Amino acid sequence: MVVSLEGDRVILVPYMKEHVPKYHDWMQDQALLQATGSEPLTLDQEYRMQLSWNQDPCKQTFIVLEKGLVVGEFVHGDPHVEAMIGDVNIYMNDLDDPQMAEIEIMIAEQKCRGKGLGKESVLMMMAFAVENLGIQIFRAKIGESNLASLNMFHKLGFEETSYSEIFQETTLELQVTKAKHEELLRLRGNVVSHT
């Protein structure tokens, strides 16, 4: 079963091969590579990466679509490439704590930044992870120069837990309290399942 999440202003859809060319174009931007801590890949490597992410049970990757750009009723299978504005991911790589996940957000389209679309995407992904994957702690690692992301995660209630001089990044965490869980449930959006 494939799940898409529909919020007020964004729709999160699984990262599919149809999304790869536009995603690859985004990742040619040096500023995005630096902000995401990514290495440039060839298009073939990007296709292989997309496939490996989809097959990895420890990763959940969604493409963020701007809802206003999706024309007509949303139907999974139509990639709506023109509505792509970024991605949101969680990684459940901490073998010592299966209830902890690292969360990342990228709003790649410059014109879509600063409008609250990243915040809505992160909240929807967190609600999905709490409800469907049992996640209770979220961690974000953000480069010190990425002030917009640092500010957004602080506003969401994340607190700094460490700083890496080597990587010049701050690690922030959020423990899901009962109150935070209830807030996430209200903000989670409509879950649309496709078989």
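User: How many salt bridges does the count come to in this structure?

Analyst: The model is a predicted one. A pair counts when a side-chain nitrogen of Lys or Arg lies within 4 Å of a carboxyl oxygen of Asp or Glu. By this rule, the number of salt bridges is seven.

User: Which parts of the chain does the salt bridge between Lys-22 and Glu-109 tie together, and how many residues apart in sequence are they?

Analyst: The side chains of Lys-22 and Glu-109 meet at 3.9 Å, N to O. Lys-22 belongs to helix H1 (residues 20-26), whereas Glu-109 sits in the loop between strand E5 (100-107) and helix H4 (117-133), so the bridge ties together parts whose separation in sequence is 87 residues.

User: Is Lys-111, which forms a salt bridge with Glu-109, buried or exposed?

Analyst: The closest N and O atoms of Lys-111 and Glu-109 are 3.4 Å apart. Glu-109 has a relative accessible area of 18% and is buried. For Lys-111 the relative accessibility is 54%, and the cut-off for the exposed class is over 50%. Lys-111 therefore counts as exposed.

User: What separates Lys-180 and Glu-183 within helix H6?

Analyst: These two side chains, Lys-180 and Glu-183, meet in a salt bridge at 3.4 Å, N to O. Both residues lie in helix H6 (residues 178-187), and because they are three residues apart, their separation is about one helical turn.

User: Which residues do salt bridges with shared partners join into one network?

Analyst: Glu-109 forms a salt bridge with Lys-22, and Glu-109 also forms one with Lys-111. Salt bridges that share partners thus give one network, made up of Lys-22, Glu-109 and Lys-111.

Terms used: Residues numbered from 1 in each chain as written. Predicted model: local features only at pLDDT ≥ 70, side-chain atom pairs only at ≥ 80, totals over all residues. Heavy atoms only, no water. Helix = DSSP H or I, 4+ residues; strand = E, 2+ residues; numbered from the N terminus. Buried < 20%, exposed > 50% of the residue type's maximum accessible area, 1.4 Å probe, protein only.
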